[in-house]
Amino acid sequence: MKIKMRTVVLVFFVSLMAIMFPNIIIADSSDDVTMKVTSSKEEYRKELTVDLTVQYINQNLYNNRSFISYHVYDKEDNELLWEGKRLPFSIDKEGIAKLKVDIDLKTEVDSFDVNFLKISFDIIDEKNEYWYSTNTDINLSSDTIFVDLGLAKRFTGTLSSAFFETPVIFGINLVCFILFICLLLRLKKSEVFNS
């Protein structure tokens, strides 16, 4: 009975922590570097800002000539862009860096006629002249962002992001829209009775 109770308490505690702190990085012990997207991993527009956390488990890999960049692929994993802009970063004493990465797909991949894109982050070491993802001696773990530019997904994505990111403004706009519709219906109704 005590073992069951401990298991229930442990599961409850882990679940509570996952709900309260969903963006905590838990690095795989085999990884040398992890790159975790702490903002939305699903996007519906060509201009986006991504919150990215980089954790160096092996801090010996970092040097001041390391840069964050990204690769862009289509739905079938065909490379559309190998290198996005390079962004400098520095890590703290725990080996962690937190960045905001602005990505403008309009200028970088607009020549391709695709409605679905994948963005994968990478690090380039200019000092030693290699990409982490292509160096077989480095275990890099990186989140992927999925960008769906289909009309239906853009519409629903825009509504849901407006609702979750700025619920007060969304609510005010919704109330104003409903009042406007009611006003139009009232005017239409008064026209029917006046004629």
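Is Asp143 buried or exposed?

## Asp143 and Lys36

In this predicted model, Asp143 is buried, its relative accessible area being 18%. That value falls under the 20% cut-off, so Asp143 is classed as buried. Asp143 pairs with Lys36 in a salt bridge, with 4.0 Å between the closest N and O atoms. The partners come from distant parts of the chain, 107 residues apart. Asp143 sits in the loop between strand E10 (140-142) and strand E11 (144-148), and Lys36 belongs to strand E1 (residues 33-37).

## Lys118 and Asp77

A salt bridge also joins the side chains of Lys118 and Asp77, at 2.9 Å from N to O. Lys118 is part of strand E8 (residues 116-125), while Asp77 is in the loop between strand E4 (66-74) and strand E5 (79-81), so this salt bridge ties together parts 41 residues apart in sequence.

The two residues fall into separate accessibility classes: Lys118 is buried at 16% relative accessible area, whereas Asp77 is partly exposed at 48%.

## Glu126, Arg86 and the network

Glu126 and Arg86 form a salt bridge whose closest N and O atoms are 2.4 Å apart. Glu126 lies in the loop between E8 and strand E9 (130-131), and Arg86 in the loop between E5 and strand E6 (87-88), so the pair connects parts 40 residues apart in sequence. Glu126 is partly exposed, with 24% relative accessible area, and Arg86 is partly exposed at 32%.

Both residues belong to a network of salt bridges that links Arg65, Glu83, Arg86 and Glu126.

## Total

The count of salt bridges in the model is 9.

Terms used:
Residues are numbered from 1 along each chain as its sequence is written. This is a predicted model: local features need pLDDT of at least 70, side-chain atom pairs count only at pLDDT 80 or more; totals for chains, interfaces and linings use all residues. Side-chain values use heavy atoms; hydrogens and water are left out. Helices (H or I, at least four residues) and strands (E, at least two) are DSSP runs, numbered from the N terminus. Buried means under 20% relative accessible area, exposed over 50%, partly exposed in between (1.4 Å probe, protein chains only).
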